[in-house]
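Visitor: Mind walking me through this one? Let's pull up the sequence and structure and go through a few questions.

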2 protein chains.
Amino acid sequence: MPKIVNHDERMKQIAEAMWRVILDKGMEGATVRNIAEEAGLSLGALRHYFKNQDDLLVYAMTLVRERATERIEAVAQQNMLPKDMIMAVILEIVPINEESLAEMEVWFAFMAHVKHRKHELDVPDDGIFVGAHKLIAYLNASGLLKEGLDLDMEAERLYAIIDGIAMHALFDSERLQPERVKKTLRYHINSICVD
Amino acid sequence: MPKIVNHDERMKQIAEAMWRVILDKGMEGATVRNIAEEAGLSLGALRHYFKNQDDLLVYAMTLVRERATERIEAVAQQNMLPKDMIMAVILEIVPINEESLAEMEVWFAFMAHVKHRKHELDVPDDGIFVGAHKLIAYLNASGLLKEGLDLDMEAERLYAIIDGIAMHALFDSERLQPERVKKTLRYHINSICVD
């Protein structure tokens, strides 16, 4: 009997094949043909799931986002002190291991690729802007923020720091090692919190 | 008599044609053929200046960097208060007008494109990391920094904020307008300076 493969599982397999092709060859190598080959499928079989490269692109980006969201939700359910929780959540976004480095590289490649085509594609937002606002609101609700801070500006600044550090950890990973990523983030969080 | 065109000028023209192609079609459209057409040259004439796409890529990135450096040096020669000077320098990097938005887009496209080929190409550094250290050292020398700050961490944080804001101004330009870019940067500089 032929193996029954769940439709969603197959779509995930194809998206993961796309990630591997992007990591190996960059966006310009991420043709439907190369992706089908990496996934071990015929071109026709792949087209059963995704009409074209754009469909696959949007799905693969959505999946990167979903995976990060799931990890963050798992962290949020743990029992931690507020400042530790904030650090743990940020460290699920900022790349400090092979998995998150790969995700970030794929995300950047996507972003650069779709930059001038946003009006054609339904590109998912990465959710970090809303996330940064939630983190600042959480610190504030926990009574940890220093007095006199502008919450809106703090969220904008945290958002910039998260993505800036993420980009540097990706493009300059030899200099900006995980320990220095953590030190910088902890320095920033401490700078806006009471002792 | 044929028009005499300076060799360097011609190389710049070709690099600028490459930028226009990238802005219009993205990296995947930046073929030597398309660039020659945009520059109004034959393929053979372009190859007289650049052996291949990689040569052109490295030159075009170097030129983006040089132009930003020239603007920053011009700002640095003006007579301004230290905090205003810091803001003016940062605003030559962070995109707040059409020219710097285009430069940043080209730079991001380059970075994503060369990410997995850094060992093959002599990719220029953007100089922002060193620049952030200089800005913090300058604020410190001017006696403006608050006491107790860690200069190394302040430079790392400023570097992250500059590139994070730059990226958001590029990819989310409708939300993050120039006024909000300036407000966020000023908020950060004020947060590390004495009143």
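Visitor: Which residue caps the N-terminal end of α6(A)?
Guide: Keep in mind that this is a predicted model. Look for a side-chain oxygen by the backbone nitrogen of E99(A): there's one 3.1 Å away. That counts as a polar contact, because the cut-off for N and O atoms is 3.5 Å. The residue supplying that oxygen is N97(A).

Visitor: And how many residues of α6(A) are buried?
Guide: The helix covers residues 98-114 of chain A, and its 24 Å reach is close to the 24 Å expected. "Buried" here means under 20% relative accessible area. By that cut-off α6(A) is mostly covered, and of its 17 residues the buried ones number 13.

Visitor: Which three residues supply 19% of the area that chain B buries against chain A?
Guide: Start with the whole contact, which takes 40 residues from each of chain B and chain A. The buried area is about 3,700 Å², with 62% from carbon and sulfur atoms. On chain B's part, the trio that beats any other three residues is M153(B), F171(B) and Y187(B).

Visitor: Which element gives the most to the side of chain B that touches chain A?
Guide: There are 6 salt bridges between the chains, and one of them joins R175(A) to E156(B) at 2.9 Å, N to O. The elements giving two or more residues to chain B's side are α1, α6, α8 and α9 of chain B. With 15 residues, the top contributor is α8(B).

Technical notes
Residues are numbered from 1 along each chain as its sequence is written. Chains are lettered from A and ligands numbered from 1 in the order in which they are written. This is a predicted model: local features need pLDDT of at least 70, side-chain atom pairs count only at pLDDT 80 or more; totals for chains, interfaces and linings use all residues. Side-chain values use heavy atoms; hydrogens and water are left out. Helices (H or I, at least four residues) and strands (E, at least two) are DSSP runs, numbered from the N terminus. The expected span of a helix is 1.5 Å times one less than its number of residues. Buried means under 20% relative accessible area, exposed over 50%, partly exposed in between (1.4 Å probe, protein chains only). A polar contact is a pair of N or O atoms within 3.5 Å; within protein, one must be able to donate a hydrogen and the other to accept it, and residues adjacent in sequence count only if both atoms are side-chain atoms. Contact means heavy atoms within 4.5 Å. Buried area is the accessible area (1.4 Å probe) that two parts lose on being put together, summed over both. A salt bridge is a side-chain nitrogen of Lys or Arg within 4 Å of a carboxyl oxygen of Asp or Glu.
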